[in-house]
Amino acid sequence: MGLLSGYSVSSVKIILLSLFFLTVTKTFSQNGELLFTQNCTACHTIGGGPLVGPDLKGVSEKYEESWLLKFIQSSQTMVKAGDEQAVATFQQYNMVPMVIFLLKLMKLKQYWTI
């Protein structure tokens, strides 16, 4: 039995839509690390293997920063627009949509130390 096995599909979607990931192979500021811990660890690890979503170790080497920021903000917008990487990621992880990250782009970039 998995962590979310006691919930209905709708509840799981709501839970997943309430949690989101912040790309983390770069060094986090203290606030960024807190954001990741509070919002992302239900679905992602950094070097611990995939969970609901991908392991984020090395993600910044795999994708451009601009793409990652767009995907973090609204993966489903990119999927619906036919972005090949977004569609492939969505399909690879059982078509579970990522949460819409509520931080604005500038605030997101604040926590992303390159």
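Here is a short conversation about how the labels on this predicted model are earned.

Reader: What should I know about the model before we start?

Author: It's a predicted model, where local features need pLDDT of at least 70, side-chain atom pairs count only at pLDDT 80 or more, and totals for chains, interfaces and linings use all residues. Residues are numbered from 1 along each chain as its sequence is written, and side-chain values use heavy atoms, with hydrogens and water left out.

Reader: How do you know how many helices and strands the protein has?

Author: We go by DSSP runs, numbered from the N terminus: a helix is H or I over at least four residues, and a strand is E over at least two. The protein comes to 6 helices and 0 strands, so by that rule the order from the N terminus reads α-α-α-α-α-α.

Reader: Why is Trp67 called buried?

Author: Buried means under 20% relative accessible area, exposed means over 50%, and partly exposed is in between (1.4 Å probe, protein chains only). Trp67 has a relative accessible area of 9%, so it counts as buried. Trp67 sits in helix 4, and the buried residues of that helix include Leu68, Phe71, Ile72 and Met78 too. Across the protein, 36% of the 114 residues are buried.

Reader: What makes Asn94 exposed and Thr41 partly exposed?

Author: Asn94 has 66% relative accessibility, so it goes down as exposed. Thr41 has 38%, so it is partly exposed. Asn94 is found in the loop between helix 5 and helix 6 (105-110), while Thr41 belongs to the loop between helix 2 (30-39) and helix 3.

Reader: What does Trp67 touch?

Author: A contact means heavy atoms within 4.5 Å. Leaving aside residues up to four places away in sequence, Trp67 touches Met78, Asp83, Gln85 and Ala86. Trp67 and Asp83 are 16 residues apart in sequence, and their C-alpha atoms are 9.9 Å apart in space. With the same neighbours left out, Thr41 touches Phe36 and Leu51.

Reader: What makes helix 4 kinked?

Author: The bend at a residue is the angle between axes fitted to the seven residues ending there and the seven starting there. In helix 4 there is a kink of about 110°, centred on Ser74. Ser74 is also one of the buried residues of helix 4. After the helix comes Gly82, with a positive phi near 85°.

Reader: Which residues other than glycine have a positive phi?

Author: Asn94 is one of them, with phi near 60°. Another is Met95, at about 55°, and Met95 also lies in the loop between helix 5 and helix 6.

Reader: Why is something called a pocket, and what is the volume of the largest one?

Author: Rolling a probe the size of a water molecule over the atoms shows where empty space is left. On a 1 Å grid over the protein atoms alone, a pocket is an open set of points with protein on both sides within 12 Å along at least five of seven lines. Grid points are joined across faces, edges and corners, and a volume is the space filled by probe spheres set on the points. For the largest pocket that gives about 180 Å³.

Reader: How do you know which residues line the largest pocket?

Author: Lining residues have an atom within 4 Å of a point. There are 16 of them, and Pro54, Asp55, Val59, Lys62 and Tyr63 lie nearest the centre. Helix 3 (59-62), helix 4 (65-80) and helix 5 (84-92) each give two or more residues, with the largest share, 3 residues, coming from helix 4.

Conventions
On a 1 Å grid over the protein atoms alone, a cavity is a set of points where a 1.4 Å probe fits but cannot get out, and a pocket is an open set with protein on both sides within 12 Å along at least five of seven lines; lining residues have an atom within 4 Å of a point.
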